[in-house]
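Visitor: I've got a structure open and I'd like to learn how to read its strands. Could you walk me through it?

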Amino acid sequence: MRRLLVLAALLGGSVVAQPALPGVLTIRFLDVGQGDAVLITAPEGQSLLYDGGRSEKRMTELLRQFGVKSLALVAASHGDADHITGLIPAVQLFKPKLFLNNGLAATTQTFGKLTASVQAAGTQGLLASDRVINLGSVKITVLPPPPGMPRGDQNANSVGLLVQYGSFRALMTGDSETVETAGWLKKYPANVLGPVDVYKSIHHGAKNGDNAAWLRAVRPSNVVIGVGPNNYGHPTSEALALYKSAGAAIYRTDLNGTVTVTVQPGGNYTLSAAKGTGTTPQTRPASPAPAAPRTIPALPSVVYPNCAAVRAAGKAPLLAGQPGYSRKLDRDGDGRACE
């Protein structure tokens, strides 16, 4: 592993800090629908936005909801729209000092709008390389795409971040594919990649993201999947099975809403979620039980002691099948009683 470059104090006092709980690191896996966005706020108040989801409107709402006053750095794991669209208003609003990215231009209007916003904001581009960024007292280790990745393949050139505060560790790796995770496994010692306390699922739980060899190295205790309504089948049953086999608790932003990790000095942490931390998929309210068929009360049986009673009731003659008919009143058995 090459020696890491350190951007010491780059994101320290030179950036306007915002209110933060003393000594507490907060990581929010934002509910942006189908996409990824992670807001990291250091104990000293500096914030980093890693990916921004696919909606400018949604990201603007979330930045206001969580009282963000400034951003020290925005980072794009790669150039796909469901990861960078929300970075556009973030850059326009807060003019962050740095824009970390993989250096591959995406041929989309969204990417063009983002880069234009970066330029207009005076934000400095920062190519992902082996380096450490100090976000206040939080250590952010950049995992650049390993050597040999196919050029032009955004997913396989995703930028990863390892977040460390005390003994706490969180790992995020964009939409990486097996070729990239295999490259990282060759490049980094096992103790760099895992174990991690919180892990962002690769590619929203797609089939071509996480794999058994990678998860054996990462060894996540908790997995958060950034996912919303989609036609891709995310998260896939294969990915969910992998996370379960790794013994990890699973959180999904489509079911749990924004998932918040609060890390105390030293590394103890808690997870909470806007819609609760239950990881069992929510189900629709049970439909009302169908009404029991209405029972029609049986008519009281009619019994005539003799034909005089039949005649007195004006029912003579009684035909077989009519109420009150009986064989004892039908002496000749022709189906007509009391003729």
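Guide: Keep in mind that this is a predicted model. Let's start with strand pairing: β4 and strand β5 (residues 73-75) run parallel to each other, joined by 3 bridges. One spot to click on is Leu49, whose bridge partner in β5 is Val74.

Visitor: What kind of unit do β4, helix α1 and β5 make?

Guide: A right-handed β-α-β unit, with α1 covering residues 56-65.

Visitor: And how many bridges join strand β3 to β4?

Guide: There are 5, and here the pairing is antiparallel, with β3 spanning residues 37-41. Try Ala37: its bridge partner in β4 is Gly52. Then look at the hairpin of β3 and β4, where 5 residues sit between the strands and Gly45 has a positive phi near 105 degrees.

Visitor: How do side chains sit along a strand?

Guide: In a regular strand they alternate between the two faces of the sheet.

Visitor: How many residues of β4 are buried?

Guide: 6 of 6, across residues 47-52, so to speak a mostly covered strand.

Visitor: Which residues touch the most other members of the largest nonpolar core?

Guide: That core has 35 residues, and the best-connected ones are Leu25, Ile27, Phe29, Ile40, Leu100, Val163 and Met172. Take Ile27: leaving aside residues up to four places away in sequence, its contacts include Val38, Leu39, Ile40, Phe168 and Val261. Another core, of 24 residues, lies apart from the largest one, with Leu63, Ile84, Ala90 and Ala121 among its members.

Conventions:
Residues are numbered from 1 along each chain as its sequence is written. This is a predicted model: local features need pLDDT of at least 70, side-chain atom pairs count only at pLDDT 80 or more; totals for chains, interfaces and linings use all residues. Side-chain values use heavy atoms; hydrogens and water are left out. Buried means under 20% relative accessible area, exposed over 50%, partly exposed in between (1.4 Å probe, protein chains only). Helices (H or I, at least four residues) and strands (E, at least two) are DSSP runs, numbered from the N terminus. Two strands pair if DSSP finds at least two bridges between them. A crossover is right-handed if, with the strands pointing away from the viewer, the path from the first strand over the helix to the second runs clockwise. A nonpolar core is a set of buried Ala, Val, Leu, Ile, Met, Phe, Trp, Tyr and Cys residues joined through side-chain atoms within 4.5 Å. Contact means heavy atoms within 4.5 Å.
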